Amino acid sequence: MGTLVNNYIFKALESYPFDLEEVMEALNFALSYDDKNTMALTLMGRVYAEKLYKYEEAIVYFKQALAENIHAFEVYTPYINTLLWNEDYKEVEDFIDFALTVKGSDKALLYLKKAILNEQLKEYKTAMTFIKLAKEHTFNSEFMADIIIEKDRIKGKMPKKKKVKDLKKPAKGNKNKK
């Protein structure tokens, strides 16, 4: 039975996101054989979140997958993204903090998601702190490039500081006359 379920999951993965009809058919077959398969539940959640914009329904699928296996790392990124899109900031923060304690989780990715959370909350300095942690935990040049892109975007949103020289200069035409 496991092989048959995997065949349907592979079919769904191969078709996603281009042939959603094929994806849904394969996922429904996979879940009918094994309704606890974390990969099938995750992909179903992604369809609901990324294509149908039904975040609450997607979250149900992600939570179901995580209840089956907290080490189902394929769930982490789409679940975090969905929580961010749904503006469930407290829940996403709690989940990331928990996920960082799970052995084998991608710490660099989790710190990057924490930076994005803080960016959305307009806490740019805190976001930059998590960018630094993401860099420290990255052991992949391609992902390092992604972090640098995110860092540049966040830096671009930070309020500009006025230069000290500009503050000390009196405005033109505003000289003290005695």
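**Exercise 1. Is E68 buried, partly exposed or exposed?**

Start with the ground rules. This is a predicted model: local features need pLDDT of at least 70, side-chain atom pairs count only at pLDDT 80 or more, and totals for chains, interfaces and linings use all residues. Residues are numbered from 1 along each chain as its sequence is written, and side-chain values use heavy atoms, with hydrogens and water left out.

Solution.
- Step 1: Fix the cut-offs. Buried means under 20% relative accessible area, exposed over 50%, partly exposed in between (1.4 Å probe, protein chains only).
- Step 2: Apply them. E68 has 38% relative accessibility, so E68 counts as partly exposed.
- Step 3: Place the residue. E68 belongs to helix 4 (residues 55–68). Helices (H or I, at least four residues) are DSSP runs, numbered from the N terminus.
- Step 4: Find its partners. Residues up to four places away in sequence aside, E68 touches K36 and T38. Contact here means heavy atoms within 4.5 Å.
- Step 5: Check the separation. E68 and T38 stand 30 residues apart in sequence, yet their C-alpha atoms are 7.0 Å apart.

**Exercise 2. Describe how helix 2 packs on helix 3.**

Solution.
- Step 1: Choose the descriptors. The angle between the axes and the distance between them describe two packed helices.
- Step 2: Read them off. The axes of helix 2 (residues 20–33) and helix 3 (residues 38–51) come within 10 Å and cross at roughly 145°. Axes are lines fitted to C-alpha atoms, for helices over the stretch in contact; angles run from 0 to 180 degrees between N-to-C directions.
- Step 3: Assign the hand. The crossing of helix 2 and helix 3 is left-handed (the near helix is turned anticlockwise from the far one by less than a right angle).
- Step 4: List the residues. Helix 2 supplies L20, V23, M24, L27, N28, A30 and L31, and helix 3 supplies A40, L41, L43, M44, V47 and K51.
- Step 5: Sort them. The contact holds 11 nonpolar residues, one polar and one charged. Ala, Val, Leu, Ile, Met, Phe, Trp, Tyr, Cys and Pro count as nonpolar, Asp, Glu, Lys and Arg as charged, and the others, Gly among them, as polar.

**Exercise 3. How many residues of helix 3 are buried, and what flanks the helix?**

Solution.
- Step 1: Count. In helix 3, 10 of 14 residues are buried. Among them are T38, M44, G45 and Y48.
- Step 2: Inspect the start. A side-chain oxygen of N37 reaches to within 3.0 Å of the backbone nitrogen of M39.
- Step 3: Inspect what follows. Y53 comes after helix 3 and has a positive phi, near 60°.

**Exercise 4. Where does T82 sit in the packing of helix 4 with helix 5?**

Solution.
- Step 1: Locate T82. It lies in helix 5 (residues 76–85). T82 is buried, at 1% relative accessibility.
- Step 2: Get the geometry. The axes of helix 4 and helix 5 come within 10 Å and cross at roughly 150°. This crossing is left-handed.
- Step 3: Read the contact. Y55, A58, I59, F62, K63 and L66 of helix 4 meet helix 5 residues including T82. By class, the contact has 10 nonpolar, one polar and one charged residues.
- Step 4: List T82's own partners. Beyond four places in sequence, T82 is in contact with A49, Y55, A58, I59 and F62.

**Exercise 5. Which peptide bond is cis, and what is the phi of E87 and of K122?**

Solution.
- Step 1: Recall the background. Most residues other than glycine have a negative phi, and most peptide bonds are trans.
- Step 2: Take the bond. From Y16 to P17 the peptide bond is cis, with omega near 0°. P17 lies in the loop between helix 1 (2–15) and helix 2.
- Step 3: Take E87. Its phi is positive, about 60°. E87 is exposed, at 55%.
- Step 4: Take K122. Its phi is positive, about 65°. K122 is exposed, at 61% relative accessibility.

Note on methods:
Helix = DSSP H or I, 4+ residues; strand = E, 2+ residues; numbered from the N terminus. Polar contact = N/O pair within 3.5 Å; in protein donor to acceptor, adjacent residues only side chain to side chain.
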